[in-house]
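I opened this entry to record what I looked up about helix packing, the nonpolar cores and one backbone angle.

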Amino acid sequence: MRDAAALRDRLVALWRVTLARWDSSGVLILAWTGVAGFLAVGGYGVARLVAAASRPGYPGCHRAVDVAHVLMGVGMAVMASPVGGPLPMAAWQTAFVLITAWFLGAWAYRLRHPVDRVGWHGSALHHALGAAAMVYMLTAVPHSPSAMAAAWTPGPHTGRAALPLLGWALIAALVVTALPLLRAALRSPGARDILTCGRRAAWAQLAMSAGMAAMLATLL
C-alpha cells in the first residue's frame, strides 16, 4: 500500500511538472508569435513609407498614419516580447503620449474642417484610441522606477492593471471605431501597388487593433 501511494504521489508530481512546462512553453510560443505578427505589421508600414518616398504627391497625413503604425507595431512587439526591447518603457510612454495628442488634434480638426478621408486608413479617433491604449498598458501595470528607465525590461503580461474599467472602455471604443475598417477590408478593391491596395492596408490595421485589444484584455 505504501509503495502504491508513493508511486501515485510520484506520478502526480510528474504530471504537475509536465503541465507547468507545457504551460510555460505555450506562453512563450504565444508571446513570440505575437512579436512576429506585430513586427510584420510594423514592417508593412515601413514598406509603405519606402514606397511613398518616391511619390512626392503622397499625402502627408497618410505618411503620419504609416509612421504611427510602425511605432505601434514595434511597441506592441516589445510589450509582447519576453525579453523587452532596446528602449526603456518611459521612452515608449513619451512616444505614445505624443501620438495620442497628434491624432486627437487631427480628429478635432477634421470635426471642424471636414476633408475627404481614405476609409481603409481608419479614423484619427481610432488611431488616438490605439495610442492611448498603449499608454494605458505601459502605465496601469505597476513598475519600479528602475524598470521604467531600463532597457530590455519585459512588458506587462499579468492581469493586475489599475483602473480595469478604463481598460475595458478602451477595448470597446477600439472595437466600435474599427468597424469601418472591417467594412473597408471586405469591400475595398485589391491592387498590386502597396499604396493603393486598400484591402491590404485595412486588414493590417485590423490585425493591429485585434492584437492590441487582446493584449489589453489579458491585463484586466
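My notes below go through these topics in turn.

Entry 1, a helix pair. The model I worked from is predicted, and I began with helix α2 (residues 60–80) and helix α7 (residues 198–218), whose axes come within 11 Å and cross at roughly 35°. I noted the crossing of α2 and α7 as left-handed. I then listed the residues that make the contact, which are His69, Met72, Gly73, Met76, Met79 and Ala80 on α2, and Gln205, Met208, Gly211, Met212 and Met215 on α7. Sorted by class, the contact of α2 with α7 has seven nonpolar residues, four polar ones and no charged ones.

Entry 2, the cores. I looked up the largest nonpolar core, which has 38 residues, and found that Met76, Phe96, Met137 and Met212 touch the most other members. Two or more residues of this core are given by each of α1 (2–52), α2, α3 (89–112), α4 (124–140), α6 (164–187) and α7, and the largest share, 11 residues, comes from α4. For Met212 I wrote down contacts with Phe38, Met72, Met76, Gly130, Ala133, Met134, Met137 and Leu174, leaving out residues up to four places away in sequence. There is also a second, separate core of eight residues, including Tyr44, Ala52, Ile194 and Leu195.

Entry 3, a backbone angle. Leu163 caught my attention, since this residue has a positive phi of about 50° although it is not a glycine. I placed Leu163 in the loop between α5 (145–149) and α6. Is Leu163 buried or exposed? Its relative accessible area is 61%, and exposed means over 50%, so I entered Leu163 as exposed.

Key
Residues are numbered from 1 along each chain as its sequence is written. This is a predicted model: local features need pLDDT of at least 70, side-chain atom pairs count only at pLDDT 80 or more; totals for chains, interfaces and linings use all residues. Side-chain values use heavy atoms; hydrogens and water are left out. Axes are lines fitted to C-alpha atoms, for helices over the stretch in contact, and angles run from 0 to 180 degrees between N-to-C directions. Helices (H or I, at least four residues) and strands (E, at least two) are DSSP runs, numbered from the N terminus. A crossing is left-handed if the near helix is turned anticlockwise from the far one by less than a right angle, and right-handed if clockwise. Contact means heavy atoms within 4.5 Å. Ala, Val, Leu, Ile, Met, Phe, Trp, Tyr, Cys and Pro count as nonpolar, Asp, Glu, Lys and Arg as charged, and the others, Gly among them, as polar. A nonpolar core is a set of buried Ala, Val, Leu, Ile, Met, Phe, Trp, Tyr and Cys residues joined through side-chain atoms within 4.5 Å. Buried means under 20% relative accessible area, exposed over 50%, partly exposed in between (1.4 Å probe, protein chains only).
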